[in-house]
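Dear colleague,

I am handing over the structure we spoke about, and you will find the sequence and the model directly below. After them I have set out what was found, beginning with one loop and moving outwards from there.

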Amino acid sequence: MMNYCYECGTELVPRELENEGMVLYCKTCRCFRFPIYSTAVSIIVLDPQKKHILLIQQYGRESNILVAGYINRTENAETAVARELKEEIGLNAVKLHFNRSEFFERSNTLMLNFTCIADSDSLDGLNSKEVDKAQWFTFEQAKAEIRPGSLAERFLLAYLDDIAGTGQEW
Ligand SMILES: [Zn+2]
């Protein structure tokens with residue numbers, strides 16, 4: 001909970017805002033101050049055959065996670081998905097869809113999970129400055145190999161449940 005104005009440091013007070021209810025207000029700036037947090041994308045990357053999922057290792061840790069990255073100001077989430085896939089893995093996103101979101105308290109970030117289909121399964125364009133290792137797994141392998149207890153695991157398991165339950169192709 002934000003208690004002080006991020007512009008001037010004045011203590012915020014709740015005030016009624018039309019159609020919004022009670023919102024914190026700075027009497028010095030005469031502005032409503034909505035909570036500030038980051039927004040990021042998390043990406044279930046499928047190979048062109050839609051048979052494999054890409055998991056990566058980063059920051060010297062040997063457990064597998066999903067490709068992810070912050071959304072830039074002015075950028076939309078779909079563009080961020082394509083940009084992150086290109087920057088980190090060197091692949092292009094040909095199709096994507098939104099799955100679900102979860103607020104990640106530890107980094108004050110709203111995570112938006114997408115599935116996207118890559119234009120190739122080549123990992124030759126991997127950005128080794130950002131990604132230690134990237135590997136394709138079958139759906140069953142990915143389930144077993146993703147970091148236990150992680151947000152990436154929750155997104156992946158929910159997605160696999162969705163496609164198993166609805167028969168949607170990807
Ligand atoms: Zn202020």
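**Two loops, a helix and a core**

Y59 is found in the loop between β5 and β6. Please keep in mind while reading that this is a predicted model. The phi angle of Y59 is near 60°, which is a positive value in a residue other than glycine, and Y59 is exposed, with 8 other C-beta atoms within 10 Å. A second residue can be described in a similar way: T74, which lies in the loop between β6 and α1, has a phi near 85°, again a positive value in a residue other than glycine. T74 is exposed as well, with 6 other C-beta atoms within 10 Å.

To place these loops, it helps to have the whole chain in view. The protein chain contains three helices and nine strands, and along the sequence these follow the pattern β-β-β-β-β-β-α-β-β-β-α-α. Its C-alpha atoms fill a box of roughly 55 × 40 × 30 Å along the principal axes, and 25% of its 170 residues count as buried. Among the contacts with a separation of 6 or more, 57% are accounted for by residues 24 or more positions apart.

The chain is divided into domain 1, residues 1-36, and domain 2, residues 38-166; the centres of domain 1 and domain 2, taken over C-alpha atoms, are separated by 35 Å.

Turning to the first strands, there is an open sheet of three strands in the order β1-β2-β3, with antiparallel pairing. β1 (13-17) and β3 (31-32) stand at the edges of this sheet, each having a single partner strand, so one side of each is left without a neighbour in the sheet. Between β1 and β2 (residues 21-26) the antiparallel pairing runs over five bridges, and the bridge partner of V13 in β2 is Y25.

Helix α1 covers residues 77-89, which makes 13 residues, and from its first C-alpha to its last it reaches 18 Å, close to the 18 Å expected at 1.5 Å a residue. Which residues of α1 are buried? They are A80, V81, E84, L85, E88 and I89, and because they cover an arc of only 130° around the axis, they are on the same side of α1. This arrangement can be set beside a general point about helices: an α-helix has 3.6 residues a turn, so residues three or four places apart point the same way. The buried residues of α1 pack against β4 (38-46), β5 (52-57), β6 (67-70), β7 (93-104), β8 (109-118) and β9 (133-138). Just after α1, G90 takes a positive phi of about 80°.

One residue of that helix leads on to the core. The largest nonpolar core has 33 residues, of which I43, V45 and L85 touch the most other members. At least two residues of this core are supplied by each of β4, β5, β6, α1, β7, β8 and α3 (151-166). What is I43 in contact with, leaving aside its neighbours within four places in sequence? The contacts of I43 are L66, V67, A68, V81, E84, L85, F114 and C116, and of these V81, E84 and L85 are among the buried residues of α1.

With best regards

Conventions
Residues numbered from 1 in each chain as written. Predicted model: local features only at pLDDT ≥ 70, side-chain atom pairs only at ≥ 80, totals over all residues. Pairing = 2+ DSSP bridges. Helix = DSSP H or I, 4+ residues; strand = E, 2+ residues; numbered from the N terminus. Expected span 1.5 Å × (residues − 1). Buried ≥ 20, exposed ≤ 12 C-beta atoms within 10 Å, placed from the backbone. Arc of directions from axis to C-beta. Contact = placed C-beta atoms within 7 Å. Core = buried A, V, L, I, M, F, W, Y, C linked by C-beta atoms within 7 Å. Domains from an automatic or database assignment.
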